[in-house]
Amino acid sequence: MVDAQNSVLTSRLRGFGSTIFAEMTALATEKGAINLGQGFPDYDGPRVVLDAAVDAIRSGQNQYPPGPGIADLRSAISEHQRRFHGLSYQPDGEVLVTAGATEALAGALLGILEAGDEVVLLEPMYDSYQACIALAGAVTRPVTLRPPSYRLDVDALKAAIGPRTRMILLNTPHNPTGAVLGIDELRAVAELAIEHDLIVVSDEVYEHLVYDDARHVSIASLPGMRERTLVISSGGKTFNTTGWKVGWICGPANLVAAARAAKQFLTYVSSGPFQPAIAVGLRLPDSYFIELAADLSRKRDRLLSGLRAAGFEAYTPSGTYFITVDIRSMRPDGDGYAFCRELPDRCGVVGIPNVVFYDRTHEHEGRHLVRFAFCKREEVIDEAVARLMKVAS
Ligand code: PMP
Ligand code: GLN
């Protein structure tokens with residue numbers, strides 16, 4: 001990895017360093033610590049989905065898939081959008097398969113933005129957003145969500161929109177906070193997007209990981225929004241296959257074509273034999289998706305009560321597989337990055353310092369916050385909690 005200070009690195013990427021997920025997972029491996037940092041499950045997805053990938057490999061589906069993705073997967077994505085969100089997309093032209101949601105985001109941002117355009121987005125923000133916006137020569141305008149509720153401040157959103165704003169980049173259910181935007185918040189975003197004629201890119205990779213009374217609504221389903229919205233999702237979280245990197249974009253043909261124009265020069269295509277397997281997953285009965293959320297909600301409760309028992313102030317997430325805690329009870333100086341770097345040695349657990357998800361100028365907002373992932377087996381969650389308890393005492 002090129003050092004961020006290295007003079008050959010493009011100025012657009014200076015200051016981004018290497019991703020926090022690589023850093024913290026390497027630390028977990030080096031120290032043999034329990035990795036509650038990078039969000040990936042320590043268990044497999046549905047057997048039928050895994051078998052479909054094995055079958056695809058054995059039956060010779062090992063060459064380049066078509067540029068937009070295999071037809072069967074595009075149909076399955078379209079059916080899934082209709083079943084869960086009531087949204088209708090033509091598999092030809094309105095659905096594009098990508099190398100995970102990460103490439104979908106890169107394609108959408110690089111394919112649409114002009115240098116100098118402004119992108120309004122929710123902060124804390126997933127790390128690739130800012131890097132891709134910078135690569136496009138565009139400018140990030142963050143709107144901060146604050147604990148404990150992490151609700152959207154609509155006035156702050158209004159204030160962030162200016163004459164150069166081109167796009168609103170949404171993420172709901174939201175990483176790292178676990179907030180799920182409610183219908184009133186979505187309506188407010190939609191109203192502003194229409195009033196200012198903005199494109200919306202909506203990252204919905206955690207669409208099925210929603211708990212309690214929260215409901216995930218795609219902003220594309222609100223009146224006047226389908227034609228200006230690119231919806232992005234991925235099979236990684238829904239089928240416990242984060243390493244397969246099968247993602248997608250749905251939207252009106254002109255927006256999808258712009259994203260595709262950039263995407264074709266990034267990977268061109270990817271994940272050949274995993275594409276038919278994700279199609280099988282997307283066609284699983286409703287019961288699969290219900291049980292996925294029910295199981296994760298039990299894991300959430302388990303880690304949440306453990307973190308609280310260990311003495312953290314922990315904010316209850318309504319979605320995703322992450323819990324954010326305030327570490328100041330354990331480290332009064334509130335340095336979350338230092339806390340995460342020393343935690344493996346102190347007790348053999350890894351978390352992610354939320355400060356990396358904030359704009360440079362807003363680091364004080366997230367300095368004392370740390371994210372732990374709960375997509376882990378129950379015995380692993382229990383062991384992590386037991387270790388954190390020792391630090392507390
Ligand atoms: N968006 C968000 C909010 C994420 O948390 C992630 C991480 N998985 C991604 C996008 C990237 O998804 P993928 O692994 O499918 O590229
Ligand atoms: N989305 C995952 C997370 O937030 C990790 C993705 C990655 O490693 N880039 O933990």
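How many nonpolar, polar and charged residues are in the shell around ligand 1? Keep that in mind while you open the viewer, and remember that this is a predicted model.

**Stop one: the ligand.** Select ligand 1 and show what surrounds it. You should find 14 residues there. Sorted by class, the shell has 6 nonpolar, 5 polar and 3 charged residues, which settles the opening question. Now label the closest ones: T102, D203, Y206, S234 and K237.

**Stop two: the polar contacts.** Zoom in on T102, where a polar side-chain atom sits 2.6 Å from an oxygen atom of ligand 1. Next, click Y206: an N or O atom of its side chain is also 2.6 Å from an oxygen atom of the ligand. Then try S234, whose side chain puts an N or O atom 2.7 Å from a ligand oxygen. Switch on the surface here: ligand 1 taken alone exposes 390 Å², and the protein buries 93% of that.

**Stop three: helix 4.** Select residues 100-112, which make up helix 4. This helix gives the shell around ligand 1 its largest share, 4 residues.

**Stop four: helix 1.** Jump to residues 20-31, the 12 residues of helix 1. At 1.5 Å a residue they should span 16 Å, and the end C-alpha atoms are 16 Å apart, so the two agree. Color I20, F21, M24, T25, L27 and A28, which are buried. Look down the helix axis: the buried residues fall within an arc of 155°, so they line one face of helix 1. What does the face turned away from the buried side carry? Select T29 and E30 to see: they are exposed residues on that face.

Notes. Residues numbered from 1 in each chain as written. Chains lettered and ligands numbered in written order. Predicted model: local features only at pLDDT ≥ 70, side-chain atom pairs only at ≥ 80, totals over all residues. Heavy atoms only, no water. Near = heavy atom within 4 Å. Polar contact = N/O pair within 3.5 Å; in protein donor to acceptor, adjacent residues only side chain to side chain. Areas by Shrake-Rupley, 256 points an atom, 1.4 Å probe, with all protein chains shown as cover. Helix = DSSP H or I, 4+ residues; strand = E, 2+ residues; numbered from the N terminus. Nonpolar A, V, L, I, M, F, W, Y, C, P; charged D, E, K, R; others polar. Expected span 1.5 Å × (residues − 1). Buried < 20%, exposed > 50% of the residue type's maximum accessible area, 1.4 Å probe, protein only. Arc of directions from axis to C-beta.
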